[in-house]
Structure formats: C-alpha cells, structure tokens
Amino acid sequence: MAPELVLKNQVDQRTDIYAFGVVMYEVAAGKLPFSGDNTFDRMQKSVSAVIKPPSEMAKGITKSADAMTLRCIAKDPKERFQAMDDVLEHLSYMKESDFGGEKA
C-alpha cells in the first residue's frame, strides 16, 4: 500500500506508479521491498522503512534498474515519476538484463 494511502493523503497516478514499482522490485529482487508480521506492520513500513536497493537482494541488477525501481517506490509522491508515460520512456532505454535474474 502506497504511503499516501496509509496516511489518507490525496492519491493520483503516482499511487499506481508506486504499485508498479513494488511489482518491479518483487520481480527483480525475488521479494517485496519490506515485510512485516501483519498488515499493520507492512503499512507502517511502507511509510517509514528504508528500502534496500534490489541489487542487494539479487545479483546482476544494475544501478540504473535500482534507481528506476527506487524512484517508483519513493515515499514522497513528488519524488516518483509523475506519469506512467515517464516510466515507460525510462524503461525503453533499459535492457532486460539490467534487472538481473540471479537471486543473491
């Protein structure tokens, strides 16, 4: 759940970008960006936890892939890509191999 949902702040397309980033992180790293014992723990962590770059979870992930994924799941929506078109444009410059494949 995006931090702005947890905090009951305004949501927009950047909330969807956050969700996309979480899926990207899980596909690349083989795990969610944060975990918790229950829904409340996970909600708190979505607001406050420092997220490790996916490259620390799996081999072969480039700094570009780290940067893109972490930008999608930034806590502050202003720090995320502002539209999905921006995400797609950035992805068009990347290679599938930027996202690794071997789990650490």
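The following questions and answers go through contacts and exposure in a predicted model.

User: Why is the pair Glu4 and Arg80 called a salt bridge?

Analyst: The closest N and O atoms of Glu4 and Arg80 are 2.7 Å apart. The cut-off is 4 Å, between a side-chain nitrogen of Lys or Arg and a carboxyl oxygen of Asp or Glu. The pair is within that limit, so the name applies. Side chains of opposite charge can pair when their charged atoms come close.

User: What makes Glu4 and Arg80 a tie between parts of the chain?

Analyst: Glu4 lies in helix α1, and Arg80 lies in the loop between α4 (63–72) and α5 (84–92). These parts are 76 residues apart in sequence, so the pair ties them together. Both Glu4 and Arg80 are buried.

User: What does the side chain of Thr15 touch, and how do you know that the contact counts as polar?

Analyst: The side chain of Thr15 meets the side chain of Glu4 at 2.7 Å. The limit for a polar contact is 3.5 Å between N or O atoms, so this pair qualifies. Thr15 belongs to helix α2 (residues 13–29).

User: Is Thr15 buried or exposed, and how do you know?

Analyst: Thr15 has a relative accessible area of 10%. Buried means under 20%, so Thr15 is buried.

User: How many salt bridges are there, and what makes Asp12 and Arg14 one of them?

Analyst: The count is 2 salt bridges. The side chains of Asp12 and Arg14 meet at 2.7 Å, N to O. That is within the 4 Å limit, so the pair counts.

User: How do you know which label fits Asp12 and which fits Arg14?

Analyst: Arg14 has a relative accessible area of 17%. That is under 20%, so Arg14 is buried. Asp12 is at 26%. That falls between 20% and 50%, so Asp12 is partly exposed.

User: Why is Lys8 called buried or exposed?

Analyst: Lys8 has 76% relative accessibility. The mark for exposed is over 50%, so Lys8 is exposed. Lys8 sits in the loop between α1 and α2. Lys8 also has a positive phi of about 60°, although it is not a glycine.

User: Which residues make the nonpolar surface patch, and what makes Leu5 fit?

Analyst: Met1, Leu5 and Val11 make a patch of about 270 Å². Leu5 is at 40% relative accessibility, and patch residues need over 30%, so Leu5 passes that test. Leu5 is in helix α1 (residues 3–6).

User: How do you know that the charge of Arg71 sits over a ring?

Analyst: The charged end of Arg71 is 4.0 Å from the centre of the Phe81 ring. The distance limit is 6 Å, so that part of the test is met. A search of the whole structure finds 0 aromatic pairs.

User: Where is Ala19, and what label does its accessibility earn?

Analyst: Ala19 is in helix α2. Its relative accessible area is 40%, between the 20% and 50% marks, so Ala19 is partly exposed. Ala19 and Ile73 are 54 residues apart in sequence but 7.6 Å apart in space, C-alpha to C-alpha.

Technical notes. Residues numbered from 1 in each chain as written. Predicted model: local features only at pLDDT ≥ 70, side-chain atom pairs only at ≥ 80, totals over all residues. Heavy atoms only, no water. Patch = residues over 30% accessible without salt bridge, like charges linked within 9 Å, V, L, I, M, F, W, Y side chains within 5 Å. Areas by Shrake-Rupley, 256 points an atom, 1.4 Å probe, with all protein chains shown as cover. Helix = DSSP H or I, 4+ residues; strand = E, 2+ residues; numbered from the N terminus. Buried < 20%, exposed > 50% of the residue type's maximum accessible area, 1.4 Å probe, protein only. Phe/Tyr/Trp six-rings, centres within 6.5 Å; stacked < 30°, edge-to-face > 60°. Lys NZ or Arg CZ within 6 Å of the ring centre and 35° of its normal. Polar contact = N/O pair within 3.5 Å; in protein donor to acceptor, adjacent residues only side chain to side chain.
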